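Student: I'd like a close look at one part of this model rather than a tour of everything. Pick a place where helices pack and go through it contact by contact, then add whatever else is worth checking.

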Amino acid sequence: MKKILYIILAAASITSCELDRFPYDSVASDELFEGEGGLEAATGGSYSLLKGNGDGGGFAPQLHRIAEFSSDNVSLSGTTTDALFYTYNYNNITTSGRINDLWSSAYKAIVGCNKVIELSTEGEAAESDQLIGENYYLRAYAFFELVNVFGKPYYQGASNLGVPLKLTSDITDIPDRNTVGEVYNQVVEDLLKAESLMSINKTNAYATKEAAQALLSRVYLYMGENDKSIKYADKVINSGRFSLLPTTELGKYFQKTPEDNTETIFCFRFVEEADYNNSGAPGWYTVGSLYANIQGTGWGEMYASKSYLNLINENPEDARKEFIDPQYELDDDGNKIPAVYWVNDNYTYQFRRTTEDNGKIYFTQDESKVEVMTEDNGGETLYYFNNAGTKTYVTYDFDMFKRNGFPKFYILKASLQENVPHLWSPVVSRLAEMYLNKAEAYAEMGDETNALANVNIIRERAGVPTYDDATDFPVGKDLIDVVSDERRLEFAYEGHRKFDVFRNAETLDRRYPGTHLSGSNPYYEVLPTDNRVIEYIPQNQINTQPTLIQND
């Protein structure tokens, strides 16, 4: 007997105390219309299921791990028995509890949305229409992210298998996998419906008309419908409801109270009182805990990759560097210790402490004194030493604390909300994305002028030089490259990177230090057509619904 949706429906109808994740309240679906506020509370249950919890479980935290840990932005400093390691190194498994959590949390929320949509009547009041629209939005969002995780990128063929489109709360309705195209079409239909129903300006902790428009802009971009992506990005921009944070505040983006952040369009709101102490070990099992140890809390084992650091260090004044927190060693007087470092041919970090003598920089290697020399590169000073007759370029900085030889470049985007070590409200959409969606869409259409105009809005805000035309691009980069790089810089550690790489038919280059290169057959590069670009359907789900077809 197929049990999967019986389990889903039961979970969507569990009691209020089990679902309550302030600021979202919830009640059992059979209590939906028994009292005033029931529709709102039931909608809150779906928010709660997608938000997840303070222990790092549930949809939003697992989605972040799947999207970022398999990107080129991160470097894990060890191995682990946690199933996230198999996502990180592209040796995916069918029995990952984290992948199963993503799937089951999403479908529980989807069934909850379906129940609200079925039992509600449109047109009775703006308030109830708003709530119905929010359920359409949440359902669309869940399907969209599911099809990105379990279905091949849209450009590879709309006929490829996606995920089941469960559109009712009927426990006898147990759909098999729909195609990627069918899922995308449903997402668009739901978002257009949501846009038409929502008219109330709630805080960014809730879906709104602009949240639907922002997600439509992204969905259309993924589908290659560039005109529509631009159209919906402009709707959000022209609404006047949002503004980019100034350069001076950008590095503190995720530390702000979400409702006070003028750039966030929609986020899943976490609060300390209800979301941070579920396990009795506050902060230790959150997403941010793996990225950093802050105020004595957190594992601090997943660091910014050398690949990402190389990109952001191209402009030392980039305000987005504040999201990376290098852990420097100090001498007995509390001063940083000068050093050079580089990555050798085996993708291993090499650090050497330096000294100065008569204005020259030296380090010791194999008991020999090696001089660090400089050269000018268009006004930028490059550092190198002669290594067997060839130049080895190095970073001249300071020595760092390391774990297993990996320097601790902590990542702060999932931490420090309201100065709580690893409190974090995952952002689904923010205004910067609207400009970069437009930039990419214009670039794909060959419109360099408009593409650069939108890229430059983001670069100027970051405090880095803007581009007048292609002559300003880094060597070897074209218009698509500079847009892609800007998306990477702006949205690193926000759950975009993996999808951005593969949906654009790019190869993921992971030739940098990290334990993803451990083992006998590591992925140095991941092709967009590789089967492991998408996750396996959880075996638990296939066990309960054998007609689900597994990914290759």
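Tutor: Let's settle one term before we start: contact here means heavy atoms within 4.5 Å. Keep in mind, too, that this is a predicted model.

The part I'd zoom in on is the pairing of helix H9, residues 209-223, with helix H15, residues 431-444. Their axes come within 10 Å and cross at roughly 25°. Angles under 35 degrees count as roughly parallel, so H9 and H15 are roughly parallel to each other. As for handedness, H9 passes H15 in a left-handed crossing.

Now for the residues that meet. H9 brings Ala-214, Ser-217, Arg-218 and Leu-221, while H15 brings Glu-433, Met-434, Asn-437, Glu-440 and Ala-441.

Next, bring in Ser-229, which sits in helix H10, residues 226-238. Leaving aside neighbours within four places in sequence, Ser-229 is in contact with Ser-217, Tyr-220, Leu-221 and Asn-437. Put that beside the H9 and H15 list and you'll find Ser-217, Leu-221 and Asn-437 in both. So is Ser-229 buried or exposed? Its relative accessible area is 0%, and the cut-off for buried is under 20%, so Ser-229 counts as buried.

While we're on burial, have a look at the cysteines. There are zero disulfides in the structure. Cys-113 is in none, and the nearest cysteine sulfur, that of Cys-267, is 17 Å away. Cys-113 is also buried, at a relative accessible area of 1%. From the other side, Cys-267 is in no disulfide either, its nearest cysteine sulfur being that of Cys-113 at 17 Å. Cys-267 is buried as well, with a relative accessible area of 1%.

To round things off, swing over to strand E12, residues 390-398, which runs antiparallel to strand E7, residues 338-343, with four bridges joining them. Within that pairing, Pro-338 has Phe-398 in E12 as its bridge partner. E12 also runs antiparallel to strand E11, residues 380-387, and here five bridges do the joining. One of the bridge pairs is Asn-387 with Thr-390 of E12. The hairpin of E11 and E12 has two residues between the strands, and Ala-388 there takes a positive phi near 55°.

How values were computed:
Residues numbered from 1 in each chain as written. Predicted model: local features only at pLDDT ≥ 70, side-chain atom pairs only at ≥ 80, totals over all residues. Heavy atoms only, no water. Disulfide = S-S within 2.5 Å. Buried < 20%, exposed > 50% of the residue type's maximum accessible area, 1.4 Å probe, protein only. Pairing = 2+ DSSP bridges. Axes fitted to C-alpha atoms, helices over the stretch in contact; angles between N-to-C directions. Parallel < 35°, antiparallel > 145°, perpendicular 65-115°, else oblique. Left-handed = near helix turned anticlockwise from the far one by under 90°.
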